[in-house]
Amino acid sequence: MDGKSITTVKTTNKVKSEDTKMFTVGGYVSPGYSSGSYKTSGTNARSAQYESSQMSGIFNVGGGLTFAVKPTKRISIETGLGYSRMGQKTDDAQVYVPRSDMVSYNANTHAYTPLGSVKNKANATVSSPETFVSLKQNKMKTEVSSSNSMLLRFLNFRYHLNDNRVKFSVLGGFGASFMVRNHTYVNYNGKKEFMGEAEDIRTFNISTNIGFGIEYPLSKSIHIKVEPGFKYYLQSLSKSAEIDFKPYSFTFSTGIGINF
């Protein structure tokens, strides 16, 4: 030996961790309940007077696709495209039915809903000798259901609360909704009929939403997520100056994400 020391340099290869995966794509299904805050100043002019106790929401199932980018360890920015349905049921609804001696295939049956009168009259076949029928007056089951199917584009900001195997997060953001279907049905004395479209329904709306997420990894790249959330629409669903109905919905989304 010449007395010179030998220095050993140890090198390590860093394994790419889950935190360095910056992009996520996923899909989800979202059962939920929707209703709305309702005010009106023109009940008499619209031949329909309703109370809050007469109205209830509807259960529905939506879904969609998401794309997220994670610029930091705790923050991610998400966007995507989804489908949802909102609406309302109204008991004791006022339904106009022609006299029994006038009933034909083109009977001009129509309904007045809290969201507006039915725009397109149905070729209904229900009949009654009364001009107007309602549960309060005739003890018959009369219910009007109005629903609107929406395509939703959204932008959310998510903050991850921890860095454990099971991850928790909170999120908030905005969405732009485009109506693709406007349907009104009447359930009259056990018979369900399609009535047409409620008038003056807004085709574009802005919503805000909040949620709480729980993620669990199935593998290094795939995780499942459940996310209860709340969405509130900032504009009235009706364009009528007499009607102020701002929809809201409670959802419970379940989905799968793939990290890249």
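**Salt bridges, strands and cores**

The structure holds four salt bridges, and since this is a predicted model, what follows is computed from its coordinates. Side chains of opposite charge can pair when their charged atoms come close. Let's start with one of the bridges and work inward.

The side chains of Lys 73 and Asp 163 make a salt bridge, 3.3 Å from N to O. Lys 73 sits in the loop between β3 and β4 (75–91), while Asp 163 is in the loop between β10 (142–160) and β11 (167–188), so this pair ties together parts that are 90 residues apart in sequence. Neither end is buried: Lys 73 is partly exposed at a relative accessible area of 45%, and Asp 163 is partly exposed at 34%.

Now look at Arg 158, which has two partners. One is Glu 78, with the side chains meeting in a salt bridge at 2.5 Å, N to O. Arg 158 is in strand β10 and Glu 78 in strand β4, so here the pair ties together parts 80 residues apart in sequence. Both of these residues are buried. The other partner is Glu 227, whose side chain meets that of Arg 158 in a salt bridge at 2.7 Å, N to O. Glu 227 is in strand β14, 69 residues away from Arg 158 in strand β10. Glu 227 and Arg 158 are both buried too. Put the two bridges together and you get one network of Glu 78, Arg 158 and Glu 227, joined through shared partners.

What about the strands themselves? Strand β1 (residues 23–40) runs antiparallel to strand β15 (residues 243–259), and 15 bridges join them. To find your way along this pairing, look for Gly 26 opposite Gly 257, or Tyr 28 with its bridge partner Gly 255. β1 also pairs with strand β3 (residues 58–69), again antiparallel, over 12 bridges; Tyr 33 has Phe 59 as its bridge partner there. β15, in turn, pairs antiparallel with strand β14 (residues 222–233) over 11 bridges, with Lys 231 partnered by Ser 249.

On to the nonpolar side chains. The largest nonpolar core has 12 residues, among them Tyr 38, Met 55, Met 86, Leu 115, Tyr 233 and Phe 245. A second core, separate from that one, has five residues, including Val 144, Val 186, Tyr 188 and Met 195.

One last spot to check is Asp 200, in the loop between β12 (191–196) and β13 (204–217). Its phi is positive, about 60°, although Asp 200 is not a glycine. With 39% relative accessibility, Asp 200 counts as partly exposed.

Definitions and conventions: Residues are numbered from 1 along each chain as its sequence is written. This is a predicted model: local features need pLDDT of at least 70, side-chain atom pairs count only at pLDDT 80 or more; totals for chains, interfaces and linings use all residues. Side-chain values use heavy atoms; hydrogens and water are left out. A nonpolar core is a set of buried Ala, Val, Leu, Ile, Met, Phe, Trp, Tyr and Cys residues joined through side-chain atoms within 4.5 Å. Buried means under 20% relative accessible area, exposed over 50%, partly exposed in between (1.4 Å probe, protein chains only). Two strands pair if DSSP finds at least two bridges between them. Helices (H or I, at least four residues) and strands (E, at least two) are DSSP runs, numbered from the N terminus.
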